[in-house]
2 protein chains.
Amino acid sequence: MLSERMLSLGLQSSVIRDIFEYGLKRKKEIGNNNVFDFSLGNPSVPPPKEVNQILMHLIETIPAEKLHGYTSGPGGQCVRSAVADYIKNSFDFAATSDLIYLTCGAAAGLAISLNALTTEQDEVIILAPFFPEYRVFIEHTGANPVIVQSKTDDFKPDFELLAEAITEKTKAVIINSPNNPTGTCYTKETIQELADLLNKKQAEFNQVIYLLSDGPYQELVYDIELPFIPDYYDNTIIIYSFSKSLSLAGERIGYIFVSPKTKNANKVFASICGAGRSLGYVCAPSLFQFLIKECIGLTADLSVYKKNRDLLYNGLINLGFEAIYPDGAFYLFVKSPFKNAKKFCEKAKEYELLLVPSDSFGTQGFVRIAYCVSTEQIINSLPAFNKLAKELNLL
Amino acid sequence: MLSERMLSLGLQSSVIRDIFEYGLKRKKEIGNNNVFDFSLGNPSVPPPKEVNQILMHLIETIPAEKLHGYTSGPGGQCVRSAVADYIKNSFDFAATSDLIYLTCGAAAGLAISLNALTTEQDEVIILAPFFPEYRVFIEHTGANPVIVQSKTDDFKPDFELLAEAITEKTKAVIINSPNNPTGTCYTKETIQELADLLNKKQAEFNQVIYLLSDGPYQELVYDIELPFIPDYYDNTIIIYSFSKSLSLAGERIGYIFVSPKTKNANKVFASICGAGRSLGYVCAPSLFQFLIKECIGLTADLSVYKKNRDLLYNGLINLGFEAIYPDGAFYLFVKSPFKNAKKFCEKAKEYELLLVPSDSFGTQGFVRIAYCVSTEQIINSLPAFNKLAKELNLL
């Protein structure tokens, strides 16, 4: 009677959300400080103070009917120009505002791009482990998600498996560097190798393969430099969100940037506009469009995440855990001492440590620890990890 | 290569937008005050002053990481409760927060609801003239839009035509009262007749037919009282937006309310949650969720629209034009003196009057005048309408 797919999606309880809800309940029972909830990827550092200052200034100076009024579908022209200028200046890349489409965050950007590019029977490749909604967005278009496991030693792409997976049906590949859930970043060598493979396959099948780069963690890199992907591969579409860089996750503001080197870039952009209309996106929230114009390039104080990473990674390694060294994002991917990661999470729960099994992300045998929490929580959790490690005889 | 449907939608120039762009160009040539642009339905009155006051207060008092952070998918619990309480108090109707889903405006609410309810081969009935995006949203789900012309004397539903159009494939009927583009409001007698027909057809085909009430103009009624539709028909889903009532069109904030009397209301709601996920809606913008909690029930000074309506309607009738008396919204639907409304719009353009032909709304032979403009513009435009009427020998 209803759409069975939507109903089943709506009834599916999210593993992450369930753990978070359990944490809330448990905190009521034994106190906030005695539960170590590492489940959610919700930024813990506040936005830079300029965000609220600029919001107040905008409210005080721009006529309210303009500030809160419709913008055109792809966003206000001055905001799109500011984004294009930022890309030009930061990456020395010829971005133009007519290929910038402001969105209600990266989820909207991905859903819109996938609807713009794909049709039924197309295939879209995602590299596991991956953000679970990728699969939902792809399936909504009628295309088929094709899952390629990454190498489990460093969670870089397994190029042999990837090469096998690309067929004449492949319309796009989604990458996410820095990665949720592993924290892995792709270096320029990795991106070059990916670009070479995609170019070879494009030639082999005489068709375009789009590279969708989901980049909300772009600024959250700690010791390395990220390559700017359109420098390496022409048919690139960047999906960006200010959720993490400016700690504005709830405000839903981001953009799609179609590389001008993309084949028929203007048609791709038009198709994005059409998809935005079809999905009911009228424009990105106008106040936050104005905000972005003023504070693009600013970031929240991301140094907390680096501090947390160092404390947590070193702490766990010293206790005998195995983990992927995360160059970016705010996630630590820890090898489960049991084959079954869910069993490990249950065991960790006995020590009030709330971790997420990697199964939700399309890979088995790991747990995700979201370290976008207070540094105090990291420090206070280490004795609990210690007890857990001892029970499991890790050292 | 791309999605042909999305590309074609993206390349389609919007008639309304084209007229608006022409207006901007023309204003540069001959001055702002010499062009009478009635093309866009963009609220001209500012939000109530409380909106900016409350925004400032929220920014000053709520920790920024909470104010701008994720809420749950259907919205913050306290905001959903505030909406449910508002419905309870205003309409004496047993609304519950667990059937309220906050959305990025009414367009998102419609797209999400249609995706939740329909599958391919379903039919969704829309009553012409209609907001053009209805067709886009329906077609995106794979369902077929079925267009039923309204009666051209008062633009109430033609119940004979509607009865013929309802089949075993009919999943939903969309209504929009007060209506864009006609300004027509459905009285309780009309809604009762509609409910009776739908109930009869539900029994005949032994299936649920949902009534989707797109109600962004709910507060913009001038002399009459609107019926609360869930009082009349059980399987009702209300799609609401604060765009017009609070003049917040760019901020994208509204809600879906599933009547608790809807068959399997909880399943319908779950399906809405699934559809929201699939379309990339993570949550409605968080700052504006907090705002709505504080100022639900307030409205901008809507008296300007009534004043404009009276001036414009009486002015045009006195000049010999025929128009539908609008009980609500901010649109006047004027009969084209030519059979071809586009030709009439071209003629009006010679007098710097920018009107929208009704063809865009699925009905021929009328033009839409959006009177959400300054009262001054209405007054200053009347001499131009006078000259136009004289040339056309209307009196």
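This report describes how two chains of one model are arranged and then looks at some of their helices, strands and residues.

The model is predicted, and local features are therefore given only where pLDDT is at least 70, side-chain atom pairs count only at pLDDT 80 or more, and totals for chains, interfaces and linings use all residues. Residues are numbered from 1 along each chain as its sequence is written, while chains are lettered from A and ligands numbered from 1 in the order in which they are written.

**The two chains**

Two copies of a chain are related by a rotation about an axis and a shift along it. Here chain A is superposed on chain B by a rotation of 180° with 0.0 Å of shift along its axis, at an RMSD of 0.1 Å, where the fit is by least squares on the C-alpha atoms of residues with pLDDT of at least 70 in both copies. That is the relation of a two-fold axis, and the same surface serves both copies, since 100% of the contact residues of chain A recur in chain B.

In this interface 67 residues of chain A are in contact with 67 residues of chain B, contact being defined as C-beta atoms, placed from the backbone, that lie within 7 Å. Several helices of chain A each supply at least two residues to the side that touches chain B, including helix 1 (4-11), helix 3 (49-61) and helix 6 (105-117); helix 10 gives the most, with 10 residues. By class, this side of chain A has 40 nonpolar, 21 polar and six charged residues, where Ala, Val, Leu, Ile, Met, Phe, Trp, Tyr, Cys and Pro count as nonpolar, Asp, Glu, Lys and Arg as charged, and the others, Gly among them, as polar. Helices (H or I, at least four residues) and strands (E, at least two) are DSSP runs, numbered from the N terminus.

**A sheet in chain B**

Chain B holds an open sheet of seven strands in the order 2-8-7-6-5-3-4, with mixed pairing; two strands pair if DSSP finds at least two bridges between them. Strand 2 (100-103) and strand 4 (144-149) of chain B stand at the edges, each with a single partner strand, so one side of each is left without a neighbour in the sheet. Strand 2 of chain B pairs with strand 8 (residues 254-258) of chain B in the antiparallel sense over four bridges, and Ile100(B) stands opposite Phe257(B) in strand 8.

**Strand 13 of chain A**

Strand 13 (residues 366-370) of chain A is largely enclosed by the rest of the structure, because five of its five residues are buried, a residue being buried if 20 or more other C-beta atoms, placed from the backbone, lie within 10 Å of its own, exposed if 12 or fewer, and partly exposed in between. Phe366(A), Arg368(A) and Ala370(A) point one way from this strand, and Val367(A) and Ile369(A) the other way. Its pairings with two strands of chain A are set out below.

| Strand of chain A | Pairing with strand 13 of chain A | Facing residues |
|---|---|---|
| Strand 10 (residues 331-335) | antiparallel, five bridges | Val334(A) and Val367(A) |
| Strand 12 (residues 356-357) | antiparallel, two bridges | Val356(A) and Arg368(A) |

**A buried loop residue**

Asn179(B) lies in the loop between strand 5 (170-175) and helix 9 (188-205) of chain B, and counts as buried with 28 C-beta neighbours inside 10 Å. Leaving aside neighbours within four places in sequence, Asn179(B) is in contact with Phe155(B), Thr184(B) and Ala329(B).

Key: Contact = placed C-beta atoms within 7 Å.
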